[in-house]
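User: I am new to this structure and would like to understand how each label attached to it is justified. Could you take me through the reasoning step by step?

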Amino acid sequence: MIKSIMMVNIFLILSPSVIAQDISSNHQTGEQLEKILTDKFAEGKYSAKGADSCLMCHRKNTTVMAIFDGVHGDINNSKSPMAGLQCEACHGPIGEHNKGGKEPMITFGRDSQLPAPSQNTVCLGCHQNTEKTGWHSSLHNMEEIACADCHQVHAAKDPVLQKQLVNQVCTACHAKEKSDMNKRSSHPLKWNEMTCIDCHNPHGSFNESALKKTSVNDTCYSCHAEKRGPFLWEHAPVTENCSTCHNPHGSVNDALVKQRVPQLCQQCHADDGHASRVVTQPGSDAFGAGMGCLNCHSQIHGSNHPSGSNFAR
């Protein structure tokens, strides 16, 4: 009964554009189609044979049959759809669909005529936990990304849940980050030693950029604890936001910095009158050669030395 009510609610929120698409394929008016869908899911006419009814037509489809290789198709798992209403737990009651296939069913993925929010309602009927509390306010939800755009249910293993494949799933859309990951200085994302979800929660969070931690710095400190402080002498950009100087996804400069030193430092610090600007030979000054400012100011993230106000020791 609960499943039937949920399915009714899903189809009552169909957008006009989706209804129009179904009209063109079924040669029905919007009112007729809405009545068919509403009546069908309110009636809750599930097949007595479960998945066997579906497989009468779909058994030769390898994508469909792959459901039995994964957790969603495990009939021995009490939490699996296959242990209950089987295919109809997600795709809705079969109704008259098996009599010619003209009666609509819930479909998923990029080719589905059903809008992403309606698809996701089905998934969220089971998948609700603390990691998904921020979903409804997430950018992915706002952009109408469907769960099935990233997840593969009809598979032995969902690629987005595999450490070796999750970055490929994310970078299929996030092209700029993929480009940064392959620059000369980067976190080990391209070798899959780190994953996007080590820092980000793709289902949304209440923090900036869907970060798992409350701030950029707290995220960085998860690995770079030595930069946390507190220090006797603190460098303001360090305590405010690591991404002021660093691009966490990758950079053409050393240490993921956004610009090469000393240009990076000169965004805040003028070099007028700096002692090291006395040049005896072109390119030999300590300010611009080698590590630039860091030749002297080596403790740039903070210093505990009594005389470390200039981060030189």
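**Reasoning from values to labels**

Analyst: In this predicted model, the secondary structure of the protein chain comes to 14 helices and 0 strands, and from the N terminus on the elements run α-α-α-α-α-α-α-α-α-α-α-α-α-α.

User: How many disulfides are there, and how do you know?

Analyst: The count comes to 0 disulfides. Cys 87 has the sulfur of Cys 54 as its nearest cysteine sulfur, 3.9 Å away, and a disulfide needs the two sulfur atoms within 2.5 Å, so Cys 87 is in no disulfide. For Cys 150 the nearest cysteine sulfur is that of Cys 173, at 6.5 Å, and therefore, by the cut-off of 2.5 Å, Cys 150 is in no disulfide either.

User: Why is Cys 150 called partly exposed?

Analyst: Its relative accessible area is 30%, and because buried means under 20% and exposed means over 50%, Cys 150 falls in between and is called partly exposed.

User: What makes up the largest nonpolar core, and which residues does Cys 87 touch?

Analyst: The largest nonpolar core has 5 residues, namely Ala 51, Cys 54, Ile 67, Met 82 and Cys 87. Leaving aside residues up to four places away in sequence, Cys 87 touches Ala 51, Cys 54, Met 82 and Gly 92.

User: What share of the 313 residues in the protein chain is buried?

Analyst: Buried residues make up 35% of the 313 residues in the protein chain, while the protein chain exposes about 19,100 Å², of which carbon and sulfur atoms supply 56%.

Note on methods:
Residues numbered from 1 in each chain as written. Predicted model: local features only at pLDDT ≥ 70, side-chain atom pairs only at ≥ 80, totals over all residues. Heavy atoms only, no water. Helix = DSSP H or I, 4+ residues; strand = E, 2+ residues; numbered from the N terminus. Buried < 20%, exposed > 50% of the residue type's maximum accessible area, 1.4 Å probe, protein only. Areas by Shrake-Rupley, 256 points an atom, 1.4 Å probe, with all protein chains shown as cover. Core = buried A, V, L, I, M, F, W, Y, C linked by side-chain atoms within 4.5 Å. Contact = heavy atoms within 4.5 Å.
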